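Reader: I'm new to this one. Can you walk me through it?

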Number of protein chains: 2
Amino acid sequence: MAASGERARVPSIRDVARLAGVSHQTVSRVLNDHPSIRPETRKRVEDAIAVLDYKPNLAARALVTSRTHTIGVLSATIGEFGPTSSIASIEDAARSEGYSVTTVNLPETTPEAIGDAIRQLGREQVSGIVALAPQVRVFNVLRGMAVGVPLVSLQTASGSDGYTLSADQVAGARAVTEHLIELGHTDILHLAGPQDWIEAESRMRGYLDALREADLPTFPPIRGDWTADFGHFAGQELARRRDFTAVFAANDLMAIGLMHGFRDAGIDVPREVSVVGFDDIPVAAHVWPPLTTVHQDFPTLGRRAVEILLAEIRGEQTPKFGPAVPQLRLRSSSASR
Amino acid sequence: MAASGERARVPSIRDVARLAGVSHQTVSRVLNDHPSIRPETRKRVEDAIAVLDYKPNLAARALVTSRTHTIGVLSATIGEFGPTSSIASIEDAARSEGYSVTTVNLPETTPEAIGDAIRQLGREQVSGIVALAPQVRVFNVLRGMAVGVPLVSLQTASGSDGYTLSADQVAGARAVTEHLIELGHTDILHLAGPQDWIEAESRMRGYLDALREADLPTFPPIRGDWTADFGHFAGQELARRRDFTAVFAANDLMAIGLMHGFRDAGIDVPREVSVVGFDDIPVAAHVWPPLTTVHQDFPTLGRRAVEILLAEIRGEQTPKFGPAVPQLRLRSSSASR
DNA sequence: ACGACGAATGTGACCGTGCACACGCAAGGG
DNA sequence: CCCTTGCGTGTGCACGGTCACATTCGTCGT
């Protein structure tokens, strides 16, 4: 431990250069895979890097290139099941490509809040943004905003531009509704999500499409807020009117709450009323009765979002994914009339 | 739009200085709240900043100060309900203090993976780390690792050092178990979490403590994996032995799966067997029967973790929080013997 | 009246990279 | 044989801040 009093400083590119007997620029070239490097030189540099345990300074690199190798995740809905699963996979996918991930939460969805969030990510000089922006309003604000970096929007309407990626919510909703119709139901209610949410609208559209095609009567949707508590309340209220035999809830939480409400009112699911949900959250198979629902593959969605985003960042051809088709999970909460 | 051919460049500190008629250093002082600035000068600089819409370059600042105003979140369990809620609040709390948040996920909990994650955060020069490291192994690796920046560990054993923050899992588990005892149950099983998890151990300890204190027989715990699917399986298996009248499941998902399994086997909850859980996830109140469980305030936990971490980063006195006491939520899945 | 001192501000270097450009050298075409 | 070309490498500067130190000026103590 005969220290020469030197301060323990992390090695820089010049330290590596000195040890390898080359210029700092040559080291930089090795780091960035420049083609014109003699193999022998490269080897020497790489050895020096290994010896010193050199790690490039990301801040310095970001300063000079104004690129950070960081992608920002903008989420309005942390805490919900779907988005959370997607975020985890976005995280993994980005890391495995050498990108960092920074998250910013939207406590409210006003245009100002969204603008702030985008500007915040801009200040951090993110290379790209994945927005989990399920509300129409948020989506429009994003679209109208000069972001300056590639932006991929996840779980929104199936827009035709390359920036949007989605599961085909309409098809999923249509599938469950058709399932109810096949079971012989003719009076089917819809417990919808909040007005502003794109997914709420898509799922409602799927519901309406299926009913119209079958020439069945449609009912004005009940507007919910995605929570199980609201579903519970709605179930108790709906128990008073008995002009329906099935309900399609726009997500599983509301469906589970709804069944609870029906139970409170003495209505048997599925004998008297069938209930179906959407999302296939982990408990859906285990509640009573096990919930018929639509399964969404959130991790895949997250991974694809990153693929598209990175392709755009790198200026490559962006891969085209057809909308993922959510799958029907038939369980016991739906029964024939 | 008579442009002088100038490239649109983001204004730097020197542009501000020029416009305000001061030196760049004075601008820097204004930005950093240096005391020795004449109010009039400060005003001029601030006006110039506003006019140019100047935003300091974070990369440049990070380069020279080697501090990034970023906190890293290390999570082994993104996707679970509890951690996710905490992460969201960590996010909010950190942002509101001007810190960015970068997340890194641990796909596996080997020491190497943990080391990689820590090093990754180190390369990004985070100012501090919040670790959601619920496994004993992870916790020990972290503790033994020279991280170099402040580290707060969330949701772990109630260690006595300032670096650890937790809800009092033992007390919560003890509370539900005592609840079962008060209801007259004497043969109470425990469906535990995985061996390695700190929370699993704490909850089991609370269970054991309560039983011993009441001089009741203890049973070897059944080891689960936190999932509802496992709970379902366990319920079917347990239905064969009828030497118990109550089960304390270490989390709500397993409890819900368990009730499903009992139902499959024709066992009525709570008439024949009482079931209680832990966490109070949003559906807990709405499953059938509504689940008696222990409520944890994850958002508060996340917020406190950030408070402690920032205090450490700033070298201030770290606030001391007593362990949060989880609260019993009495519902219908538990009944008297 | 003069020197010391602190407040307010300016000057230049430096942090660790990447980029533009220059340079030496070997190969190839006229 | 000379000029061009391209490969491999080096030199200096720029990026946008902060830090250490220098400088100016007004005030106060003696």
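Reader: Which element gives the largest share of the surface near DNA strand C?
Author: That is α4(A), with 5 residues. Helices here are DSSP runs of H or I with at least four residues, strands are E runs of at least two, and both are numbered from the N terminus. "Near" means that a residue's C-beta atom, placed from the backbone, lies within 6 Å of the molecule or strand.

Reader: What should I know about the model and the numbering?
Author: It is a predicted model: local features need pLDDT of at least 70, side-chain atom pairs count only at pLDDT 80 or more, and totals for chains, interfaces and linings use all residues. Residues are numbered from 1 along each chain as its sequence is written, while chains are lettered from A and ligands numbered from 1 in the order in which they are written.

Reader: Back to DNA strand C. Which residues come nearest?
Author: A:I13, A:S28, A:N57, B:S23 and B:T41, out of 27 residues around the strand. Elements giving two or more residues to that surface are α1 (13-20), α2 (24-31) and α4 in chain A, plus α2 (24-31) and α4 (58-65) in chain B.

Reader: How does that surface divide by class?
Author: Into 10 nonpolar, 13 polar and 4 charged residues. Nonpolar covers Ala, Val, Leu, Ile, Met, Phe, Trp, Tyr, Cys and Pro; charged covers Asp, Glu, Lys and Arg; the others, Gly among them, are polar.

Reader: And which residues are closest to DNA strand D?
Author: A:S23, A:S36, A:T41, B:I13 and B:S28, with 25 residues surrounding the strand. Two or more residues each come from α2 and α4 of chain A and from α2 and α4 of chain B. α4(B) gives the most, with 5 residues. By class, the surface near DNA strand D has 11 nonpolar, 12 polar and 2 charged residues.

Reader: Now the two protein chains. How many residues does each give to the contact?
Author: Chain A gives 37 and chain B gives 37. Two residues are in contact if their C-beta atoms, placed from the backbone, lie within 7 Å.

Reader: Which elements of chain A supply at least two residues there?
Author: α4 (58-65), α5 (81-96), β2 (100-105), α10 (228-238) and α11 (252-264). That side of chain A has 17 nonpolar, 13 polar and 7 charged residues.

Reader: How many helices and strands are in chain A?
Author: 12 helices and 11 strands. The radius of gyration, taken over C-alpha atoms, is 26 Å, well over the 20 Å that the globule rule gives for 337 residues, so chain A is more spread out than a compact globule. That rule is 2.2 Å times the number of residues to the power 0.38. Along the principal axes, the C-alpha atoms fill a box of roughly 85 × 45 × 35 Å.

Reader: Helix packing next. At what angle do α8 and α9 of chain A pack?
Author: At about 40 degrees, with axes 7 Å apart; α8 spans residues 169-182 and α9 spans 198-213. Axes are lines fitted to C-alpha atoms, for helices over the stretch in contact, and angles run from 0 to 180 degrees between N-to-C directions.

Reader: Why call α8(A) and α9(A) oblique?
Author: Angles under 35 degrees count as roughly parallel, over 145 as roughly antiparallel, 65 to 115 as roughly perpendicular and the rest as oblique, so α8(A) and α9(A) are oblique to each other. Their contact has 7 nonpolar, 5 polar and 6 charged residues.

Reader: What about α5 and α12 of chain B?
Author: Helix α5 (81-96) and helix α12 (298-313) of chain B pack at about 45 degrees, axes 7 Å apart. They are therefore oblique too. Residues in that contact divide into 9 nonpolar, 5 polar and 1 charged.

Reader: Where are the cis peptide bonds?
Author: One joins A:W288 and A:P289, with omega about -10 degrees. A:P289 lies in the loop between β9 (274-276) and β10 (293-295) of chain A. Another runs from B:V269 to B:P270, with omega near 10 degrees. B:P270 is in the loop between α11 (252-264) and β9 (274-276) of chain B.

Reader: Which residue has a positive phi although it is not a glycine?
Author: A:S66, at about 50 degrees. A:S66 sits in the loop between α4 and β1 (70-75) of chain A.
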